[in-house]
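Visitor: Could you take me through the annotated binding site in this one? I'd like a close look at where its residues sit and what surrounds them.

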Amino acid sequence: MERLATKAARLGRCFASSSRKPSTATVLRASVTFSSGAATAAATAAGAAAMVAYSSAVSKAETAADIPEDARQGTHHIKGSNGKTVMFRNPYPSAGVGFDSPFQVAGKFLWMRINGEMSSPDVSRVKIPTVKPVFPTSRAGSSAALRATWLGHACYLVEFPGGLRVLFDPVFEDRCGPKGWLGPKRYTPPPCSLAELPPVDAVVISHSHYDHLSHMSVCELARRNPDAHFFVGLGLEKWFRSSGITNVTELDWWQDADLVLTRKDQGEGGNAKSSSAAADPDTITARISCLPSQHTSARTARDKDTTLWASWAVRSGGKSVWFGGDTGYRNVPRLPADVDDYGPAYDSLPRCPQFREIGERRGPFDLGLIPIGAYKPRELFSWMHANPYDAVEIFKDTRCRRAMGIHWGTWALTVEDIDEPPKMLREALRRSGLPETGVFDVCAAGESREF
Ligand SMILES: [Zn+2]
């Protein structure tokens, strides 16, 4: 713990020194509307939320009956000679053959760049709107709605009506890479610091890639929220324990865990009786489900696909969220730029069937948090990163009633223009016969919406 505290203290200094200079770039306004009314009136500035401690207990649920047969057989596990799982794989043709290593992807990417087939997006041209998030002063909240706040890229804080707070894929650093100086640099700063978040009960991690799992951010969260529980895919629990985080549960696809939070006795004259937190519930329960996605994992040159990537469902207080994390949907071949890969000629390209299974067996969901960015060039990334057309299909398959776009607007991971994903999302919604706004939206970094 001493080592953890030292790292956390260093991290605190790291955050304190980050600057947020105002930019003169065009602020992206399209399809971004700002929350108002009840949500804002009942909320307080970031960091001012009252503190009531809860202890947490997690139990893995008995294997649910409603699991697809191939998942029951573990077709996504690759076994070693001793019969134990040593790696994971995408079990469906929709993932294509992929590439053997991240270095081969990087090599092809570099070759296309040298050939002049790709140019980096101009991140100074457009500015993603950013607002300071506000959070309710107590867990009781203002309504029976689910409240979701985008904290940039794939990170969302979701506050459930029953009082549960879940943080998905927190990465608050400037760069997403193995070192502080290595990896893509943010063009949109985090809308707040980790210190400004209200107490968090559960942290859910989709996979090990650096733009979704940050050692510094999870250590800082564990230090600030000692009772918070971390939920990860198979193989990642060891990494958390070696990082000093012991409140961690790893799950396989289609496995569920039950989380029970019990309010700690605040004692005579304690915080509970003297603040607005008096309304906070005594007990909070949640069902956390690990579900499939089509992706990959790695943090080093030697650990490719040794930890499981996943999407997640969380149900609590009568509301449900499906977090897509990072996923592809189809594997699209190299095509001329003006060819539509959702045109009739490409109808036969296999789609990942797992999202329909998720919708049928675990849906519907009140809110989907679905990736829409990091998709160009399509022939390199489609199998692992959805574009907005894929995202709308995933939205329909998973039976989400509403959705918000994630995995865009923060780091330039690929070559599409940084304001292209929300524009393409509206086209995809229109083509699907859905309203362009109000169903599957994007929002400002730091903005909260209710569902
Ligand atoms: Zn990833």
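**The annotated binding site**

Guide: Sure. In the unreviewed UniProt entry, the "binding site" annotation covers Tyr-210 and His-385. Keep in mind that we're looking at a predicted model, with a mean pLDDT of 85 for the chain and 80% of its residues at 70 or more.

Let's start with Tyr-210. You'll find Tyr-210 in the loop that runs between strand 11 (202-204) and helix 5 (215-224). Tyr-210 counts as buried because 20 other C-beta atoms lie within 10 Å, and 20 is the number at which a residue gets that label. Leaving out residues up to four places away in sequence, Tyr-210 touches Cys-176, Gly-177, Pro-178, Gly-183 and Arg-299.

Now over to His-385. His-385 also belongs to a loop, between helix 9 (378-381) and helix 10 (388-397). His-385 has 25 C-beta neighbours inside 10 Å, so it counts as buried. With residues up to four places away in sequence set aside again, the contacts of His-385 are Gly-328, Pro-371, Ala-374 and Tyr-375.

A word on confidence elsewhere in the chain. Residues 1-24 have pLDDT under 50 throughout, and the model gives them 17 contacts beyond four places in sequence. Residues 29-49 are below 50 too, with 48 contacts in the model beyond near neighbours in sequence.

So, back to your site: Tyr-210 and His-385 carry the annotation, Tyr-210 is buried, and His-385 is buried as well.

Methods. Residues numbered from 1 in each chain as written. Predicted model: local features only at pLDDT ≥ 70, side-chain atom pairs only at ≥ 80, totals over all residues. pLDDT = per-residue confidence, 0-100. Contact = placed C-beta atoms within 7 Å. UniProt positions renumbered as here; feature names shortened; annotations may be inferred. Helix = DSSP H or I, 4+ residues; strand = E, 2+ residues; numbered from the N terminus. Buried ≥ 20, exposed ≤ 12 C-beta atoms within 10 Å, placed from the backbone.
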